[in-house]
Amino acid sequence: MDTFFLLLGAQKAGTSWLGRVLSSHPDVFMPATQEIHYFDTKHGFYDKNETLRRRLGYVAQRLAKAEIEAPESAADIVELRDQIEMLIGADSDDAYRAFFERFGKGFKVCGEKTPNYSVLPHTAFDEMARVYPDTRMLFILRNPVDRFWSQFRFHADRAEKSGRRLSRFTDPFA
């Protein structure tokens, strides 16, 4: 690997889109699971293992279904499972680097996307740079009003799909 990058920024600012674009490039490796949360877990802002264990359960269901319905896709799901299992155990900088050395082998560029890193203290950024000294940090921002409306629409859509209403935000008399 020649280059390591971290993709971070505000929610609803385009990090998922840029992550998809970057990971589609044949020279770029990004983990199949989004948002590793290594550094924010390390600094006490998040519990990556809880989230990753939940994802692992979902992946196990997908794998069981794929083995029956679409065996040709099972290899990709096994790779995803293996990545998540290794990330759950990644509790040191050496383990974090070992993850990228194993799964990013043969790629020129490796990186990960965890937007929450953007709110970490400056000491965390120093630490990120120590893990990979030539780390490139891609920080995405967005017009705050556009970002707010995008976030609002996201939550409104989720509420509608689950049968809830956002009346406290949309009805001034609620």
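In this predicted model, His37 is buried, with a relative accessible area of 1%, and its place in the chain is the loop between strand E2 (28-29) and helix H2. The backbone of His37 has a phi near 65°, which is a positive value in a residue other than glycine. A positive phi in a residue other than glycine also occurs at Lys12, where the angle is near 60°. Lys12 is situated in the loop that lies between strand E1 (3-9) and helix H1 (15-23); because its relative accessibility is 29%, and buried would require a value under 20% and exposed one over 50%, Lys12 counts as partly exposed.

Helix H2, which covers residues 38-42, is one of the two helices against which the buried residues of H3 pack, the other being helix H4 (74-88). Helix H3 itself runs from residue 48 to residue 69 and comprises 22 residues, and the distance from its first C-alpha to its last is 31 Å, close to the 32 Å expected at 1.5 Å a residue. Just before this helix, Asp47 caps its N-terminal end, with a side-chain oxygen that lies 3.2 Å from the backbone nitrogen of Asn49.

The buried residues of H3 are Lys48, Asn49, Thr51, Leu52, Val59, Leu63 and Ala66. These residues lie on the same side of H3, because the arc that they cover around the axis is only 130°. On the face of H3 turned away from this buried side are the exposed residues Arg53, Arg54, Gln61, Lys65, Ile68 and Glu69.

Notes
Residues numbered from 1 in each chain as written. Predicted model: local features only at pLDDT ≥ 70, side-chain atom pairs only at ≥ 80, totals over all residues. Heavy atoms only, no water. Helix = DSSP H or I, 4+ residues; strand = E, 2+ residues; numbered from the N terminus. Expected span 1.5 Å × (residues − 1). Buried < 20%, exposed > 50% of the residue type's maximum accessible area, 1.4 Å probe, protein only. Arc of directions from axis to C-beta. Contact = heavy atoms within 4.5 Å. Polar contact = N/O pair within 3.5 Å; in protein donor to acceptor, adjacent residues only side chain to side chain.
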